[in-house]
Amino acid sequence: MRAAIMQKIGAAAVLAYTDWPDPPLYPGWVLIEVMAAGVNFRDTGVRRGAFWEEMQFPQILGIEGAGRVLQVGEGVSAFLPGQRVAWAQGFASYAERVALPQSALVPIPDELDYRTAAAIMTHGLTANYLTNTFYPVQPGEIALVHAAAGGLGQLVTQFIKLNGGVVIGRVSSSEKGAVAREAGADHIVVDSGKSFVEEALDFSGGLGVHVVYDGSGPSTFASSIKSLRPSGTLCWYGDALGTPRAFDIAALPNGIKIGHAVPPNYTLTPKLYRILSRQLFDLVCSQRLKVRIGKEYPLSDAAQAHADMESRTSTSKLLLIP
């Protein structure tokens with residue numbers, strides 16, 4: 001088969017498109033023909049050495065995708081050859097074929113195409129977790145969403161709106177502002193990283209926002225805190241871009257709360273993972289949740305997809321198509 005492999009830690013150019021052995025099929029595992037693989041910012045963090053430092057090279061990247069079951073291993077009872085499946089935590093997805101444990105897979109409903117399924121899995125489950133579990137947004141509450149035009153930011157915005165909340169969407173350009181507004185943002189802040197505080201305070205009548213969803217790394221951390229009202233919550237999940245410096249917890253103002261959201265909590269059990277995935281698919285199929293695919297690349301252009309994502313020129317979800 002052909003795959004996009006990471007040869008060593010480094011810039012996007014370390015990704016190479018090459019021949020690779022077919023993955024082995026273990027008992028309890030499923031062999032899948034990959035129809036679409038999602039590109040996530042965490043993938044770029046792995047490539048830069050921020051995560052999974054013990055990984056050996058060369059290695060196939062990618063954790064998300066959708067495809068068709070080719071073969072099932074001994075003891076597999078949940079899936080059959082020919083079945084359409086998707087996954088959000090399946091390593092080595094940047095390839096024509098991938099083998100995954102059956103617990104990592106969820107069935108795709110007939111109404112959903114492969115590309116949409118691949119595009120919604122990681123971002124959709126994460127957005128649901130952030131807005132309904134980590135900090136359940138209540139009607140009328142104001143949320144500041146960083147990178148609101150990105151694939152995850154758009155879905156976080158939509159879930160907040162489904163809950164009756166109000167969204168301030170921070171973006172880096174007016175073009176991205178139009179994308180965030182289409183996703184449902186009520187107010188747009190065009191800003192490079194630190195000057196959003198005054199606008200957030202003005203929009204909230206000087207009180208500050210109830211919650212900040214910040215996946216923008218350490219550059220926005222301090223200003224996100226300043227944007228919160230008393231007892232507000234900072235939902236931080238930007239470790240793919242680095243971590244904030246140490247701070248004195250006793251110096252935090254106004255009784256605010258800070259938490260590092262860990263989205264893989266939605267995969268704690270296969271049953272919970274499948275229930276949440278089915279709920280997500282139902283929202284998409286009923287058009288209550290819209291999935292916007294920003295660009296599709298051939299698998300051979302994985303390095304370009306990473307470069308575009310890191311340059312912040314892309315919006316919405318990026319996909320690789322084998």
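**Exercise 1. Classify the accessibility of R115 and E296, and describe how the two residues are related.**

Solution. Step 1: At a relative accessibility of 34%, R115 counts as partly exposed, because the class lies between the limits of 20% and 50%. The model under study is a predicted one.

Step 2: E296 has a relative accessibility of 37% and therefore also counts as partly exposed.

Step 3: The side chains of R115 and E296 meet in a salt bridge, with an N to O distance of 2.9 Å. This pair links distant parts of the chain, since R115 belongs to helix α2 (residues 114-134) and E296 to strand β15 (residues 293-298), 181 residues apart.

**Exercise 2. Determine which elements are joined by the salt bridges of D19 and D22, and state how accessible each partner is.**

Solution. Step 1: D19 forms a salt bridge with R2, and the closest N and O atoms are 3.0 Å apart. The pair connects distant parts of the chain: D19 is in strand β2 (residues 15-19) and R2 in strand β1 (residues 2-6), with their positions 17 residues apart in the numbering.

Step 2: D19, at 56% relative accessibility, is exposed, whereas R2, with a relative accessible area of 27%, is partly exposed.

Step 3: D22 forms a salt bridge with R97, the closest N and O atoms again lying 3.0 Å apart. Here D22 sits in the loop between β2 and β3 (29-39), and R97 sits in strand β7 (residues 97-101), 75 residues apart.

Step 4: D22 has a relative accessible area of 43% and is partly exposed; R97, at 23%, is partly exposed as well.

Step 5: For the wider setting, the structure holds 11 salt bridges. R47, R48 and E310 are linked in a network of such bridges. In general, side chains of opposite charge can pair when their charged atoms come close.

**Exercise 3. Characterise the packing of α2 against α7.**

Solution. Step 1: The axes of α2 and helix α7 (residues 270-285) come within 10 Å and cross at roughly 115°. The two helices are therefore roughly perpendicular to each other.

Step 2: The crossing of α2 and α7 is right-handed. On the α2 side, the contact is made by T116, I120, M121, G124, L125 and N128; α7 contributes Y273, L276, S277, Q279, L280, F281 and V284.

Step 3: Sorted by character, the residues of the contact of α2 with α7 comprise eight nonpolar, five polar and no charged.

**Exercise 4. Characterise the packing of α2 against α3.**

Solution. Step 1: α2 and helix α3 (residues 151-162) pack at an angle of about 45°, and their axes are 8 Å apart. The orientation of α2 and α3 is therefore oblique.

Step 2: The crossing of α2 and α3 is right-handed. The α2 residues in the contact are I120, H123, G124, T126, A127, N128, L130, T131 and N132, and those of α3 are G151, L152, L155, V156, F159 and I160.

Step 3: The residues of the contact of α2 with α3 divide into eight nonpolar, seven polar and no charged.

**Exercise 5. Decide whether T122 is buried or exposed, and locate its contact with another part of the chain.**

Solution. Step 1: T122 lies in helix α2. With a relative accessible area of 9%, T122 is buried, because the value falls under the 20% limit.

Step 2: The C-alpha atoms of T122 and A88 are separated by 5.0 Å, although the two residues are 34 residues apart along the chain.

Definitions and conventions
Residues numbered from 1 in each chain as written. Predicted model: local features only at pLDDT ≥ 70, side-chain atom pairs only at ≥ 80, totals over all residues. Heavy atoms only, no water. Salt bridge = Lys/Arg side-chain N within 4 Å of Asp/Glu carboxyl O. Helix = DSSP H or I, 4+ residues; strand = E, 2+ residues; numbered from the N terminus. Buried < 20%, exposed > 50% of the residue type's maximum accessible area, 1.4 Å probe, protein only. Axes fitted to C-alpha atoms, helices over the stretch in contact; angles between N-to-C directions. Parallel < 35°, antiparallel > 145°, perpendicular 65-115°, else oblique. Left-handed = near helix turned anticlockwise from the far one by under 90°. Contact = heavy atoms within 4.5 Å. Nonpolar A, V, L, I, M, F, W, Y, C, P; charged D, E, K, R; others polar.
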